Amino acid sequence: MTTVSPTPETTPVVSPPAAPQASVAASSAPHTPPPAMRLRELAFGAACAAAVRAAARLGVADALGAAPASAAELALAVDTEPVPLQRLLRALCCYGIFSETEDGKFVHTEMSRLLREDDPNSLRYISLWCTEPWTWEVWPRLDDAVRSGTSVFQEAFGKGFFDYLHQDAGESAHIFNRAMTTSSTQSARDVAELLDLTGVSTVADIGGGQGHVLASLLEKHPSVHGTLLDLPGVVARADGRLRDGGALADRVRIVPGDCREDIPVDADLYIIKNILEWDDESTRRTLRNVVAAARPGARVVIIENLVDDTPSMRFTTAMDLLLLLNVGGAKHTRESLVGRMSEAGLRIGEVRPVNAYLHAFECVVPG
């Protein structure tokens, strides 16, 4: 990506964005359309997803700085043709991603900033992950998945989702890792702020991925020790703070293992985040294993997206359908998750929001 040098004739477009600039273009805030037009718009929903993906891949948000910039100026920075880029930006403006001024230049909005690589809450890699090439192959097969109740991935690609990802789609696997790291890092901060660790000496992050939640908790609570348990290939890439030589390594035990088979960990608090979304039997086995491993009175905090949480339902129901397509999994309703926890023998207490799309279920292992 090239940059535009600031001269009297050109607008600099690569400086970090400053405070939001209000849009003055009517196209940025369209009126609510009638039902027939709204359905047409929804049927063309792939165009919006593709536009977000194109902007992320081109780095348009990174190129746009604090000052308004024309499509021609931005095109020089991201190596595109100016007229097609203007068409892309105007489409995105309809959804509040960028805004167009009265003189035809473009400025940032709160959403467009989230496509920047350097934004602390960046959703660039999440946006790319949700629109990877394989997604365009499986979404048209949703009716088949609804009929059968199972994944269509094997039929579409000749192998399971994760085998395909790691064997045939290296770039997509890289995007997946970046997206999961970004999402986990951001939610880890929220979890660390939410959880009260009074009286807790040991924390176990079960199926905890690279351990971002555990690292955030240990940083906030210097007297607490922790265990990270996940598959061998996952914990091999654990957060650098947790590995040998890391700032938290002397307070961490890293255990390679499969929580669906066994949880050889004793702790005061067990955290299970976003791993109960495969098949029901895997969920039941994981919860039973936690109860079997924990001493009476131990806390278990289960953190999940809920498909019946009204503010985030468009997001979580979309994830739910994508899980069906690629692995045959499902997101939980509050009722279904409570049911699984009760079956496992957990005593369920308070349910609290972690952020706009996650909920924490406080549980205790009964005596």
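## Naming and model

Helices, meaning DSSP runs of H or I with at least four residues, and strands, meaning runs of E with at least two, are numbered from the N terminus. The structure described here is a predicted model. With this naming, Asn 121 can be placed in the loop that lies between helix H6 (110-113) and helix H7 (124-129).

## The loop at Asn 121

With a relative accessible area of 40%, Asn 121 is partly exposed. When residues up to four places away in sequence are not counted, Asn 121 touches Leu 114, Gln 186 and Arg 189. Between Asn 121 and Ser 183 there are 8.9 Å in space, C-alpha to C-alpha, although the two are 62 residues apart in sequence.

## Helix H4 and its surroundings

Helix H4, which covers residues 71-78, is mostly covered by its surroundings, with six of its eight residues buried. The buried residues are Ala 71, Glu 73, Leu 74, Ala 75, Ala 77 and Val 78, and they pack against helix H2 (45-58), helix H3 (60-63), helix H5 (82-93) and strand S2 (106-107). Just after H4 comes Asp 79, which takes a positive phi of about 60°.

Phe 98, found in the loop between H5 and strand S1 (99-100), likewise has a positive phi, of about 75°, although it is not a glycine. Phe 98 counts as buried, at 1% relative accessibility.

## The nonpolar cores

The largest nonpolar core holds 43 residues, and those with the most contacts inside it are Leu 85, Leu 92, Phe 98, Trp 129 and Trp 134. Leaving aside neighbours within four places in sequence, Trp 129 is in contact with Trp 134, Thr 135, Phe 161, Leu 165, Ser 172, Ile 175, Phe 176, Ala 179 and Met 180. A second core, separate from this one, has 27 residues, among them Leu 217, Leu 242, Leu 269 and Val 301. As a general background, nonpolar side chains in soluble globular proteins tend to be buried together.

## The contact of H11 with H12

Helix H11 (residues 161-168) and helix H12 (residues 170-194) have axes that come within 6 Å and cross at roughly 110°. That angle makes H11 roughly perpendicular to H12. On the H11 side the contact is made by Phe 162, Leu 165, His 166 and Asp 168, which meet Gly 170, Ser 172, Ala 173 and Phe 176 in H12. Sorted by character, the residues of this contact divide into four nonpolar, three polar and one charged.

## The seven-stranded sheet

Seven strands form an open sheet with mixed pairing, in the order S5-S4-S3-S6-S7-S9-S8. Strand S5 (252-256) and strand S8 (347-353) stand at the edges with a single partner strand each, so one side of each is left without a neighbour in the sheet. From one strand to the next, the twist averages 20°. Helix H17 (residues 334-344) packs on the sheet, where it touches strand S7 (299-304), S8 and strand S9 (359-364), and its direction makes about 20° with that of S9.

Strand S4 (residues 225-230) and S5 run parallel and are joined by five bridges, with Val 252 in S5 as the bridge partner of Gly 226. S3 and S4 also run parallel and are joined by five bridges, and here Gly 226 in S4 stands opposite Val 203. Strand S3 (residues 202-206) has four of its five residues buried, so it is largely enclosed by the rest of the structure. S8 and S9, by contrast, pair in the antiparallel sense over five bridges; they form a hairpin with five residues between them, and the bridge partner of Val 351 is Phe 361 in S9.

## His 212 and Asn 274

His 212 belongs to helix H13 (residues 212-220) and is buried, with a relative accessible area of 7%. Residues up to four places away in sequence aside, His 212 touches Thr 181, Ser 184, Thr 185, Ala 188, Asp 239 and Arg 241. His 31, in turn, lies 181 residues from His 212 in sequence and 42 Å from it in space, C-alpha to C-alpha.

Asn 274 lies in the loop between strand S6 (269-273) and helix H15 (280-293). The phi of Asn 274 is near 55°, a positive value in a residue other than glycine. This residue, Asn 274, is partly exposed, with a relative accessible area of 22%.

Technical notes. Residues numbered from 1 in each chain as written. Predicted model: local features only at pLDDT ≥ 70, side-chain atom pairs only at ≥ 80, totals over all residues. Heavy atoms only, no water. Axes fitted to C-alpha atoms, helices over the stretch in contact; angles between N-to-C directions. Parallel < 35°, antiparallel > 145°, perpendicular 65-115°, else oblique. Contact = heavy atoms within 4.5 Å. Nonpolar A, V, L, I, M, F, W, Y, C, P; charged D, E, K, R; others polar. Core = buried A, V, L, I, M, F, W, Y, C linked by side-chain atoms within 4.5 Å. Buried < 20%, exposed > 50% of the residue type's maximum accessible area, 1.4 Å probe, protein only. Pairing = 2+ DSSP bridges.
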